Amino acid sequence: MESFYLFSFQNLISAYYQCRKRKRLKSLPAKFEFCLEKEIIILEKLLKNHAWEPLPFSVFVVTAPKIREIFAADFRDRVIHHLLYNYVEPIFEQKFIFDSYACRKEKGTHRAVKQLSRFLKKITSNNRKKTFYLQADVENFFPSINHDILFNLIKKYVNNPYILWLAKTIIYHNCAENPVKKGQLYLFALVPPQKSLFNSPPGQGLPIGNLTSQFFANVYLNELDQFVKHRLKCKYYIRYVDDFVILDESKENLYKLKQEITEFLQEKLFLKLHPKKWVVRDINEGIDILGYIIKPNHILVRKRVVKNFKKKLFQFQNDLPSGIVKLDFVLSCVNSYYAHFMHANSYKLRKHLWEKHFGILKNHFEPADPVRYNYFKIRDEYKAQNI
C-alpha cells in the first residue's frame, strides 16, 4: 500500500507544479499540461506497477562558461525526478555538512562567497595572521561518478524498496543511448572525449542538466565532506559541486591534506583531483572561485566576468537598433550581471561600466538608483515601445 501513497496522483501533481516553474510557456511543459490529468494517471499507473522507464534524452552542447554536453530528460520524466527528490532530499539534507553550497535550499554561490570571506577574516584575525589556501576540483566529475557506489550511498540512508527501485532506475539508465541531438551539431566534435558521456564506461557517469544528477552529486561528494570535516578535522572548508577550498595557517599542512584527499577520492569514490587545477597559495593572492576573487579584506569581480559583460554590451548596441533583441531581454541580462557585481566591492566598476561602456544603451536605460548603480530600468519614453 505504501507504493500507492508514494506514487499517488496528489504527489505527482505536486511534483509537476514544481517541475513547471518558470517553464510553463515552453513547448514540452505546455504539451504535457494540455493533457495533464491523463498524463499524471499514466505516470501513476507506470510507477505503481514498476513499469516506468525513462524516455530518450535530448542532448546539446553549450560553450559557456566552457564547452560541455547537456543531457535533458523528457518533461514527463522530469516530473518523476522531482517526485524522487521530494522524498530523498529531506533525508540527506540532515546528513550534509553546513558548508556545501551547490543545489541546496538557502545556499548557492553568493552564500558560499560570503562564508568564505567570513572564514578568511576569522582565520587571519582580520588579516593579521599569515594564512594559505588549498583549492582543487575533481577531474571529469560527472562522467566519473560510479553507479554502484552512488546507489549504495543512497541505500545507506533510504530503506524504502519503492524509492530504491526508482532511484536505481534513474541512476543506472544510460542516457547516452540513442539520445536526440539538438542545437549546433558540429559542437559535439569539440567536446573533450573524457568529458563526454558517450565515452563513459558502463556503470559510470551522470548527465549534467537534471535535478537528480545535481542532487546525486551532493550525495556522492558528501563522503568527501565528512572525511575532510570529521577525519581530517578541517575547520575552514567549503565545497561547491566539485570545487572546494580549505584554509590553514600552514602551507605544509595543506600539501599533506591534499595528498590524503587524493588517496581518499581514489580509494573510496574512484575519483581523481584535476592535476592542473589544484593550488596552494597565500590568501593575499586572492581565491578565484564562483566568479569572484576573494581576499581577506575585500571581494573583487573576476576579470573574465567583466570581459564577458563588456562583450555583451557591445553586441547589444549592435543588435538593439535592428530589432534582433528586445529591451526587456537586454535589461534582464544587464541587471543579472549587476546583481552579480553587487556581491563584491565593485562600486567603481559599476559606475565605470555605465559611464564608459553602455553607449547607446544609455538612451534606453537609466540607473534605478543613480547613487549606487545597483540595477537599471527602462526610460519612461521607451516603456510603451517595449510592450
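**Exercise 1. Work out which residues line the second largest cavity, which elements they come from, and how they split by class.**

Let's start with the lining itself: it is made up of Glu69, Phe71, Phe142, Pro143, Lys195, Leu197, Leu206, Pro207 and Ile208. Keep in mind that this is a predicted model.

Next, look for elements that give two or more residues to this lining: they are β2 (68-72) and α7 (141-144).

Then sort by class. Seven of the lining residues are nonpolar, none is polar and two are charged. The charged class takes in Asp, Glu, Lys and Arg, and the lining list includes Glu69 and Lys195.

Finally, the volume: this cavity holds about 60 Å³ of space.

**Exercise 2. Find how many cavities of 30 Å³ or more the whole structure has, and describe the largest.**

First, the count: searching the whole structure turns up four cavities of 30 Å³ or more.

Second, the volume of the largest one comes to about 120 Å³. It is lined by 15 residues, and those closest to its centre are Phe57, His81, Ile170, Pro207 and Thr212. Pro207 should ring a bell, as it also turns up in the lining of the second largest cavity.

Third, trace the lining back to elements. Two or more residues come from each of α5 (75-93), α9 (161-172) and α10 (211-231). The largest share belongs to α10, which supplies three residues.

Last, the classes: nine nonpolar, five polar and one charged.

**Exercise 3. Describe the second largest pocket: its volume, the residues closest to its centre and its make-up by class.**

Volume first: the second largest pocket takes in about 170 Å³ of space.

Now go to its centre. Among the 16 lining residues, His147, Asn174, Pro201, Gln204 and Gly205 lie closest to it.

Then split the lining by class: nine residues are nonpolar, seven are polar and none is charged. Gly counts as polar here, which is worth remembering when you place Gly205, one of the residues closest to the centre.

**Exercise 4. Count the disulfides, and explain why Cys103 is not in one.**

Begin with the cut-off: a disulfide needs two cysteine sulfur atoms within 2.5 Å. By that rule the count is zero.

Now take Cys103. The closest cysteine sulfur to its own belongs to Cys19, and that one is 15 Å away, so the gap is too far for a bond.

To round things off, check accessibility. Cys103 is partly exposed, with a relative accessible area of 36%, while Cys333 is buried, at 14%. The cut-off for buried is under 20%.

Definitions and conventions
Residues are numbered from 1 along each chain as its sequence is written. This is a predicted model: local features need pLDDT of at least 70, side-chain atom pairs count only at pLDDT 80 or more; totals for chains, interfaces and linings use all residues. Side-chain values use heavy atoms; hydrogens and water are left out. On a 1 Å grid over the protein atoms alone, a cavity is a set of points where a 1.4 Å probe fits but cannot get out, and a pocket is an open set with protein on both sides within 12 Å along at least five of seven lines; lining residues have an atom within 4 Å of a point. Grid points are joined across faces, edges and corners, and a volume is the space filled by probe spheres set on the points. Helices (H or I, at least four residues) and strands (E, at least two) are DSSP runs, numbered from the N terminus. Buried means under 20% relative accessible area, exposed over 50%, partly exposed in between (1.4 Å probe, protein chains only).
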